[in-house]
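Student: I would like a close look at one part of this model. Please take me through it in one go.

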Amino acid sequence: MKKKLTFLGIETSCDETAASIVRENEDNTADVLSNVISSQINEHREFGGVVPELAARSHVQNIDFIVQESLRQSKIRLEDVDGVAATAGPGLIVCLTVGYNIGKSLATFSEKPFLPINHLEGHALSPSIENKISFPYLLLLVSGGHSQFIIVNEINNYKQIGTTIDDAVGEAFDKTGKILGLEYPGGPKIEELAKLGNKEAFKLPRPIINRAGCHLSLAGLKTAVIREAKKIDSEQKRYDLAASFQNTINEILSKKTKVAMKEFNKNNYTRYKTFVVAGGVAANQAIRKNLIQVSNEMNFKPVFPSKEYCGDNAAMIAWAGIKRYKKKLFNNDDSVKSRWPLDKNAPFLKGPGLKI
Ligand code: KG4
Ligand code: ZN
């Protein structure tokens, strides 16, 4: 019988300090033996967003304990893992450096291979921790920093067909949350408030909805939310604005996902078409429901990671490490990177004067 690989994964790209021990299964899924996450949300709350220096200091304070705890909970010794994987980008350099250096030191000390991992690849592969998924598949990655439609052809073979030209979906949730007086991060709180509101109450713009393929634009939506928020004179209207905002995001995602699915169909002739949604925003139940409906309509099988693997975690990093190690795909570039697109040929679509 072939040896099942076990990896230690480390994640410190933003405001979560995380470590995890993951073992591969024979059926191409994984056993997560431990998944330890220390969130810094409380430390950043009063600033309404992540403060890089505070985040880095907190990673330094916590990382030793988090790694120890992941080993203790999994009952695995460092000597027994087959490799160490750590996020090397994209993210905040001061934060990435902490996990990367610890990972590299532990790997060197224990004479194991060290694999620097792209955080976005972690998200892209996260649904296959629990589900058997075959390539190619269509991925919608929706997090605080990224919103992209990607055709996942294979590990290390990604084609970006759509991206946001301004704000990411999670960022739009967080900014709207701030406008509505909610604590950071706004996403989960807006989801709760929206349950109490009327989603038809406010008519909000859906920028570039009928053009620019499956690219997204959300900055205009935020500006409209600021304008409408000034008129709010009751608690109920606050709920209504949260519900209307979330509904507008759903309308945008619904339309753009259909465009992306058509694009996928043009290039891929697989019989079983899979639509994978990953990243922090994939935890939102209303968005899930909407995207399941779109998938049914378009004859795609929707797959979402469990909630614990939607937001930032180290299990997805360890898992990407195992997948890359098996294919001998070592990222040899020995540095952390703030920008690291999955598809290096994709055009950079942000900034003023952009024409799409
Ligand atoms: O993937 P993630 O943990 O970190 C990044 O890589 O960015 O995503 C965090 C983002 C935040 O913007 C947060 O507000 C959003 O995901 N988020 C949600 C929900 N839970 C987290 N957005 C909408 N609804 C949610 N339930
Ligand atoms: Zn993330």
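Which spacing do the donors of the zinc ion (ligand 2) follow along the chain?

Tutor: The model is predicted: local features need pLDDT of at least 70, side-chain atom pairs count only at pLDDT 80 or more, and totals for chains, interfaces and linings use all residues. Residues are numbered from 1 along each chain as its sequence is written, chains are lettered from A and ligands numbered from 1 in the order in which they are written, and side-chain values use heavy atoms, with hydrogens and water left out.

The donors of the zinc ion (ligand 2) follow H-x3-H-x188-D. Donors here are N, O and S atoms within 2.8 Å of the metal (3.2 Å for Na, K and Ca); water is not among the atoms, so sites may look incomplete. H119 and D312 link distant parts of the chain, 193 residues apart. H119 sits in helix α4 (residues 119–125). D312 lies in the loop between β10 (301–303) and α10 (315–326). Helices (H or I, at least four residues) and strands (E, at least two) are DSSP runs, numbered from the N terminus.

Now the coordination. H119 (NE2), H123 (NE2) and D312 (OD) bind the zinc ion (ligand 2) at 2.0 to 2.1 Å. The angles among its four donor atoms run from 93 to 141 degrees, and the site is irregular. Four donors count as tetrahedral if all angles lie between 85 and 135 degrees; four count as square planar and six as octahedral if opposite donors are over 155 degrees apart and all others between 65 and 115; anything else is irregular. For reference, ideal tetrahedral angles at a metal with four donors are 109.5 degrees.

Next, burial. H119 counts as buried because its relative accessibility is 6%. D312 is buried too, at 18%. Buried means under 20% relative accessible area, exposed over 50%, partly exposed in between (1.4 Å probe, protein chains only).

L342 brings in another segment. L342 lies after α10. Its relative accessible area is 14%, so L342 is buried. L342 touches N118, L120, E121, A124, I150 and Y158, leaving out residues up to four places away in sequence. Contact means heavy atoms within 4.5 Å. L342 and A124 are 218 residues apart in sequence, yet 9.4 Å apart in space, C-alpha to C-alpha.
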